[in-house]
Amino acid sequence: MSSPILSSPTIAAGPSGHAPIVLGWREYAALPVLGIAAVRAKIDTGARSSALHVEAQWRFVEAGAPWVGFRLRPGAAGGGEVEALAPVADEREVTDSGGHRTRRVFIRTVLSLAGSEREIDMNLADRRGMRFPMLLGRTAVAHAFTVDPARSFLHGRVRRRPPRA
């Protein structure tokens, strides 16, 4: 009688043929097309979609297509405010962690994280009560990243400016 062969688990290669990049459960990400150099992001594989906290948003039409403008503070309290514009990629119902459904605007933009860039869809939401202004869901990290839930900021922290003398 033969016994089954036990082997250690392997991580499947991503679409480029390379092993996925390991992220901590929280990282700093950039959204360069939107002018956001760094924003604290929670990597949440339990969430399907990604969300970005915005202070305000407004809709308008440009060349016959729907667009959204929005304002946010990606850094710490007292940090600079960013205003950005993006075409509306979609608008759909999203269920939050409390089970509440709301209709949200989705945009498509470039995510820069851990030396990698990729296009992702993300909804604009009021995350005022949350500790992280950005949530990266599983569709944003699929096939490129894997998450080590025991680690944080594996790809560096944003340094605060030194206090003025």
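This short presentation covers the salt bridges of the structure and the surroundings of one asparagine, Asn123.

Good morning, colleagues. Please keep in mind throughout that this is a predicted model.

I begin with charge pairing. Side chains of opposite charge can pair when their charged atoms come close. In this structure there are 10 salt bridges, and I shall discuss three of them individually.

The first on my list joins Glu91 and Arg59, whose side chains meet with an N to O distance of 2.9 Å. Glu91 belongs to strand S8, residues 90–95, and Arg59 to strand S5, residues 56–62, so this pair ties together parts that lie 32 residues apart in sequence. How accessible are the two partners? Glu91 is partly exposed, its relative accessible area being 29%. Arg59 is also classed as partly exposed, with a value of 42%.

This pair belongs to a wider arrangement. Which residues are linked with Arg59 and Glu91 in a network of salt bridges? They are Glu93 and Arg103.

I turn next to Arg108 and Asp121. The closest N and O atoms of this salt bridge are 2.8 Å apart. Because Arg108 lies in strand S9, residues 101–113, and Asp121 in strand S10, residues 116–125, the pair ties together parts separated by 13 residues in sequence. Arg108 has a relative accessibility of 44% and is partly exposed; Asp121, at 33%, is partly exposed as well.

The remaining example is the salt bridge between Glu81 and Arg73, with 3.7 Å from N to O. With the cut-off for a salt bridge set at 4 Å, that distance of 3.7 Å still qualifies. Glu81 is partly exposed at 43% relative accessibility, and Arg73 is partly exposed at 36%.

Let me now move to Asn123, which is found in strand S10, the strand that also holds Asp121. Is Asn123 buried or exposed? Its relative accessible area is 1%, and it is therefore buried, the limit being under 20%.

What does the side chain of this buried residue meet? One polar contact runs from the Asn123 side chain to the side chain of Ser49, at 3.4 Å. Another reaches the side chain of Arg104, at 3.0 Å. Leaving aside residues up to four places away in sequence, Asn123 touches Ser49, Ser50, Ala51, Leu52, Val94, Arg104, Val105 and Phe106.

To close, I recall two points. The salt bridges number 10 in the structure, and Asn123 is buried, with side-chain polar contacts to Ser49 and to Arg104. Thank you for your attention.

How values were computed. Residues numbered from 1 in each chain as written. Predicted model: local features only at pLDDT ≥ 70, side-chain atom pairs only at ≥ 80, totals over all residues. Heavy atoms only, no water. Helix = DSSP H or I, 4+ residues; strand = E, 2+ residues; numbered from the N terminus. Buried < 20%, exposed > 50% of the residue type's maximum accessible area, 1.4 Å probe, protein only. Polar contact = N/O pair within 3.5 Å; in protein donor to acceptor, adjacent residues only side chain to side chain. Contact = heavy atoms within 4.5 Å.
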